[in-house]
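Colleague: Got a minute to walk me through this one? I'd like to start with the strands and then get to the charges.

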Amino acid sequence: QVQLVESGGGLVQVGDSLSLSCAASGRTFSSHAMGWFRQAPGKEREFVAAISWSGSSTFYADSVRGRFTISRDNAKNTVYLQMNSLKREDTAVYYCAAKNVFKSGYGPTWLKSEGYDYWGQGTQVTVSS
């Protein structure tokens, strides 16, 4: 069982930066790939970024590539999402999620929400002009 708690959301202006954190409980954090997803009002949850269990591989949605950076610190059981050059369309609730890849491997769904085993409660990011 992994419990995830996001923090760092808030209200920012277009062009600003914001850093999200996701703290995980338990001693198995390093066996999990981690992902960030977001859901805007009236829209489905969408993939933002993912990082392998070791941190050696990262993936990004086209809409955030070059602006967002995902990273992790396995010693601190924490995954981060650095968001730069924020746009109004980045406004959403951001969720972190964990996938036990030691148990189930990465598979074709690790960049999709249905591939993840555990979810945080979400943190609101609002970008205004």
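Modeller: Sure. Keep in mind that this is a predicted model. A good place to start is S71, which stands opposite Y80 in β8.

Colleague: OK, and how many bridges do β7 and β8 pair over?

Modeller: Six bridges, with the two strands running in the antiparallel sense.

Colleague: What sheet do they belong to, and in what order do the strands come?

Modeller: It's an open sheet of four strands, ordered β1-β3-β8-β7, with antiparallel pairing. The edge positions go to β1 (4-7) and β7; each has a single partner strand, so one side of each is left without a neighbour in the sheet.

Colleague: By how much are neighbouring strands turned against each other there?

Modeller: By 15° on average, ignoring direction.

Colleague: Good. Switching to charges: how many salt bridges does the count come to?

Modeller: Four. As general background, side chains of opposite charge can pair when their charged atoms come close. One of the four here is E46 with R38, where the closest N and O atoms are 2.6 Å apart.

Colleague: Are those two residues buried or exposed?

Modeller: They split. R38 is buried, at 5% relative accessible area, while E46 is partly exposed at 36%.

Colleague: Which side chain besides E46 meets R38 in a salt bridge?

Modeller: That's D90, at 2.9 Å from N to O. R38 sits in strand β4 (residues 32-39) and D90 in the loop between β8 (78-83) and β9 (92-100), so this pair ties together parts that are 52 residues apart in sequence.

Colleague: And D90 itself, buried or exposed?

Modeller: Buried, with 0% relative accessibility.

Colleague: What about R67, which partner does that one have?

Modeller: R67 also goes to D90, and the closest N and O atoms are 2.7 Å apart. R67 lies in the loop between β6 (58-60) and β7 (68-73), and D90 is in the β8 to β9 loop, so the pair ties together parts 23 residues apart in sequence. R67 counts as buried too, at 11% relative accessibility.

Colleague: So which residues end up in one network?

Modeller: R38, E46, R67 and D90, joined by salt bridges that share partners.

Colleague: Nice. Now the backbone: which residues have a positive phi without being a glycine?

Modeller: I'd point to N77 and S85. N77 has a phi of about 55°, and S85 has one of about 50°. For context, most residues other than glycine have a negative phi.

Colleague: Where do N77 and S85 sit?

Modeller: Both are in loops: N77 between β7 and β8, S85 between β8 and β9.

Colleague: Is N77 buried or exposed, and what about S85?

Modeller: N77 is buried because its relative accessible area is 18%, and the cut-off for buried is under 20%. S85 is partly exposed, with 41%.

Colleague: Which loop should I open to see D90 again?

Modeller: The loop between β8 and β9. S85 is found in that loop as well.

Technical notes:
Residues numbered from 1 in each chain as written. Predicted model: local features only at pLDDT ≥ 70, side-chain atom pairs only at ≥ 80, totals over all residues. Heavy atoms only, no water. Buried < 20%, exposed > 50% of the residue type's maximum accessible area, 1.4 Å probe, protein only. Pairing = 2+ DSSP bridges. Axes fitted to C-alpha atoms, helices over the stretch in contact; angles between N-to-C directions.
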